[in-house]
Amino acid sequence: MTKRNTDPHRQSPSRRDVLQIFAAGAAGAVGTIALERAPRLNAAAASAGGTLRIAWLTPAQLDPRSVSGMSEIAILNALYDYLFETDAESNLVPALAHAWERNDDGTRYTLQLVEDARFHDGSLLTARDVVWSIQLQLDAGGTIADLLSSVNAVEASGDHSVVFDLNASVPDFLYRLTEYKVVMLKAEAENLGIDFNGTGPFIMEKMIPADRAIMRANPDYWRGAPNIDTLEFLFFDDQQAAIAAVQGGVADGILRLDNFSFLNFSGDVRFNTRNLQANGHDMTRIRADRPPGNDIRVRRAFKLATDRRAVWERVQLGYGAVGKDSPIGPSFPQYFLEDAEPPPRDPVAAAALLAEAGYPDGLDMTLHVPNSGAMPDFAQALAAQWQEAGIRVEIQLEEENEYWVQKWLDVDLGVTWWGDRVSPQIYLDLAYRSDATWNESHWQDERLDALIDFARSALDEDARTAAYKDIQRLFLEEGPIIVPYFYASFMVMASHVSGVELHPFSGRTHFYTAAVS
């Protein structure tokens, strides 16, 4: 049996739809899904012109193999394209791959590419470019190699067809191809992060370090030329300076800001505001491979010293949702653990656990905190609560994009924001398996690894759900992380800007549909 989409008005399948389709195919069916291609822009809209200026923190690196800061991701998103994307509801959306087919056991995916996508140098994108781009990430040995570890081989099967052979079924495989580093590059590209030859809607005109990136509209963009003539990303060293630039009219919009500032914009008629519930979360973690975090009593003391709802109310001001110390939140309703709660805050019991662990006078530590979004406020809320339990922390603000280069993986106590992912498995494979590239807490637990591995390939939804709930219980009881909340994604745009649809992962927001008046 072959499943096909023959209705051109059919919406792209949701995450659950894709997993269910896959499961049916793995039971013995060969499935083909042709996803609805994004419509071309009309000529009237494309002629609107003008310049859109967006405020971001200063990027530190732009090599697709190593980017991590949101401004860095936003630049890649403007210059390059992906095989697949996701929308605000985590639905799979076609990009350079407009259709896919999988074999009966889910170990082979064949992607069909659009045939009219051109690089900025005028050459057509082919399957060879896709194979080279994927292999580049696999050879880099970083987070994408982790996510695509099931790939045995990726090969071209024609000018516009690519085949992925997997060593096991991976129900969310197509979603892994939406990860922000997996941009499609021209084969044999050199000077990555310095030269930018993408197929995306904008062409890099000038990169002025520590100042701005000036990008002009790509008139030959395969989805249709952007509505605006120029997109400028203005760079700032701190969030408050970026916010001031928007308030003062120097910039037209901002997508990374704290909740209080967002509320202030909400009452200003000069601006339009937008927020989305996201799977992203702010968290704090302690290294579990060396003192003091390698003692489970210390990790439990941090948990007992924290009132998650109070942190959420103080920092998020009613936006988002309360967390339960794991990356699996209520935006994954089928997997979220409803029937267990973190322990009630008890600073006296926390201090007793610290004393039992050999710290009768409490702990003195440095808490490393990126200087963006709500994270400084988040750190202050935690520090105030922890102090009552004898956990005294000195908050050290870090330049965000520099922090992500390497330091965040090394510090003993740190705060991290995790952007929106469309599958809980992606968080687990990136950061919580013992050998994960981004295992910032350095927690190694055979039970956790076994559950992660099982959930990755399980075709039975009930079995996968049970594994995810067991993972959450393990995080609650013993984990080295505290996730007080899942945040909302924010966007502020001047009233003369229209046509920008906020993405839950703000760096993946598209600006080629924007118009300025």
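In what follows, Ala, Val, Leu, Ile, Met, Phe, Trp, Tyr, Cys and Pro count as nonpolar, Asp, Glu, Lys and Arg as charged, and the others, Gly among them, as polar. Please bear in mind that this is a predicted model.

I begin with the enclosed spaces. The count comes to six cavities of 30 Å³ or more, and I shall discuss two of them.

The largest cavity has a volume of about 230 Å³. Its lining comprises 19 residues, and those nearest the centre are Arg256, Leu257, Gly373, Tyr487 and Ala488. By class, this lining divides into ten nonpolar, six polar and three charged residues. Which element gives the most to the lining of the largest cavity? Strand 19, spanning residues 481-494, does so with four residues.

The second largest cavity has a volume of about 130 Å³. Among the residues that line it are the tryptophans Trp404, Trp408, Trp417, Trp418 and Trp438, together with Tyr180 and Phe505. Ser68, Thr416, Gly419 and Arg421 also belong to this lining. The division here is seven nonpolar, three polar and one charged.

I turn now to an open space, the second largest pocket. About 230 Å³ of space lies within this pocket. Of the 14 residues that line the pocket, Arg308, Arg309, Val322, Glu341 and Pro342 lie nearest its centre. How many residues of each class make up the lining of the second largest pocket? Seven are charged, five are nonpolar and two are polar.

To close, I set two linings side by side: the second largest pocket has seven charged residues in its lining, while the second largest cavity has one.

How values were computed. Residues are numbered from 1 along each chain as its sequence is written. This is a predicted model: local features need pLDDT of at least 70, side-chain atom pairs count only at pLDDT 80 or more; totals for chains, interfaces and linings use all residues. Side-chain values use heavy atoms; hydrogens and water are left out. On a 1 Å grid over the protein atoms alone, a cavity is a set of points where a 1.4 Å probe fits but cannot get out, and a pocket is an open set with protein on both sides within 12 Å along at least five of seven lines; lining residues have an atom within 4 Å of a point. Grid points are joined across faces, edges and corners, and a volume is the space filled by probe spheres set on the points. Helices (H or I, at least four residues) and strands (E, at least two) are DSSP runs, numbered from the N terminus.
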